[in-house]
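Let's talk through how some helices in this structure sit against each other. Each answer puts a value beside its definition and draws the conclusion.

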Amino acid sequence: DLFDLPSFRHSLFPTLQKMMAQIEPADRANLEKFFAASIAMFGQEDTRRKLARTTSLRISTKLEELQKKVWEDVGVSDVRLGRQAVASIDSLEGNESLLDLRRQFSVALDQALLTCLKDRKPQTLDKKGKLSKIHVLDFLDACRVLLTTDEVQERLRQGIKDVGGAMPEAVVNDINGETMELLGFEREHGIRCFQTLGESKQLANDREVASAFAHWRGETASVCLKLLLEHRQAGGELKVDDDVALKLLKLEAEETLRKSTIEERTELVERLAKKVNVLRKLPPDVRQQQMTKLGHKEQLELVQTELIMAAMVQRMGE
C-alpha cells in the first residue's frame with residue numbers, strides 16, 4: 001500500500017509543497033484588457049440589441065461569439081489559450097486584482113444573458129407550444145445563472161428554514177417556473193414540456209444538451225448544499241438523507257482544507273492515513289455504518305485526509 005511505505009512520511013511534506021506551488025503567470029495585460037473590454041461590451045445597448053435579435057442560437061453561444069471577437073482584439077487568436085489563461089488566475093501570485101476583474105466579468109456575462117431573456121419575453125405566455133432544443137439550453141443556462149444571484153439565494157435560505165433544514169425543493173421549482181416564463185412559456189406548461197422531452201429521450205444523445213443539463217444539476221446541488229451547510233453552521237438542524245449528509249461532510253472538508261496549512265495537512269495524513277485505508281477496503285454499506293458511529297470532528301478529519309491522499313496520488317501520477 002502506497003501509504004504504508006517507510007519513505008512515505010519523509011516524502012509527504014515536499015510532495016505537498018509541490019502541490020501548492022504557483023504556476024507561471026499568464027499574460028496579465030491581455031487578461032486585464034479582455035475583462036475590461038468584455039464588461040464594457042456586455043453593458044452596451046448595441047450588444048443588448050444583437051442578443052435580443054438572435055433567436056436561432058443559444059444565448060450563451062452568441063455571447064461566446066462576442067467574446068471571441070474581444071480575444072482577437074486584444075491579440076489572442078486562439079480562444080482556447082485565452083480560456084486557459086482565465087482558468088489559471090487562481091494559481092497566480094498577486095492575483096487579487098485579476099480575481100476581482102473575473103468576478104465583475106462573470107456578473108456582467110450573467111446579467112447579459114438574463115437581460116436578453118427579459119427583452120425577448122412576450123406579453124402573452126405560450127400555453128400550447130413545444131420546447132425546441134434552443135429553449136431547453138436557454139432554460140438550463142438561465143436557471144443555473146439565477147441560482148447564483150443574491151436574491152435567489154436569499155429565497156433558498158428562507159426556503160431551507162421554512163422546511164426545517166431540508167432541501168428547498170419548492171423554491172427551486174418556483175425558480176424553474178419563473179425561468180419558463182422568461183422564455184415565454186406558461187410555467188406549468190413549460191415544465192411539463194421539459195419533463196416530457198426528458199422522458200421521450202428525444203435529446204438523450206445530444207452532447208450539448210447533456211453537458212448543459214449536467215452543469216445545471218451540478219450548480220443546483222452545489223448551491224443548495226452550500227446553503228444547507230451554512231444553515232447548520234449557524235446552529236440550524238438539518239433533515240437530509242445519508243447521501244446528502246455525506247456530500248455536506250465532503251463540502252465542509254473541502255472548505256476547511258482550503259484554509260489549512262501544509263503542516264496541518266501533513267499531520268492529518270500521518271495520523272489518519274492507515275485508518276482511511278482500512279475504511280476504503282470496507283464494503284460501502286459497512287463503511288457508512290462505521291462512519292455514523294463516529295463524532296462529527298472525527299468524520300470530518302477522515303474525509304479531509306482521504307481528499308488529501310486522493311490529490312497526492314493524482315499528483316504523483318502526472
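**How the helices pack**

Q: Why are α8 and α11 called oblique to each other?
A: In this predicted model, the axes of α8 (residues 150–162) and α11 (residues 207–233) make an angle of about 55 degrees and lie 10 Å apart. Roughly parallel needs an angle under 35 degrees and roughly perpendicular needs 65 to 115, so the pair is oblique. Their crossing is right-handed.

Q: Which residues make that contact between α8 and α11?
A: From α8 come Q153, L156, R157, I160 and K161, and from α11 V223, C224, K226, L227, L228, E230 and H231. Six of these residues of the contact are nonpolar, two polar and four charged.

Q: What makes α2 roughly parallel to α6?
A: Here the axes cross at roughly 30 degrees and come within 9 Å. Angles under 35 degrees count as roughly parallel, so α2 and α6 earn that description. The crossing of α2 and α6 is left-handed. Among the residues that meet are F34, F35 and F42 in α2 and L98, L101 and F105 in α6. The contact of α2 with α6 divides into 11 nonpolar, two polar and three charged residues.

Q: How do you know that the span of α4 agrees with its 15 residues?
A: At 1.5 Å a residue, α4 (residues 59–73) should span 21 Å, and its end C-alpha atoms are 22 Å apart, so the two agree. Buried residues of α4 include I59, L63, L66 and W71; among the elements covering the buried residues are α2, α3 and α6. Just after α4, G75 has a positive phi of about 95 degrees.

Methods
Residues are numbered from 1 along each chain as its sequence is written. This is a predicted model: local features need pLDDT of at least 70, side-chain atom pairs count only at pLDDT 80 or more; totals for chains, interfaces and linings use all residues. Side-chain values use heavy atoms; hydrogens and water are left out. Axes are lines fitted to C-alpha atoms, for helices over the stretch in contact, and angles run from 0 to 180 degrees between N-to-C directions. Helices (H or I, at least four residues) and strands (E, at least two) are DSSP runs, numbered from the N terminus. Angles under 35 degrees count as roughly parallel, over 145 as roughly antiparallel, 65 to 115 as roughly perpendicular and the rest as oblique. A crossing is left-handed if the near helix is turned anticlockwise from the far one by less than a right angle, and right-handed if clockwise. Contact means heavy atoms within 4.5 Å. Ala, Val, Leu, Ile, Met, Phe, Trp, Tyr, Cys and Pro count as nonpolar, Asp, Glu, Lys and Arg as charged, and the others, Gly among them, as polar. The expected span of a helix is 1.5 Å times one less than its number of residues. Buried means under 20% relative accessible area, exposed over 50%, partly exposed in between (1.4 Å probe, protein chains only).
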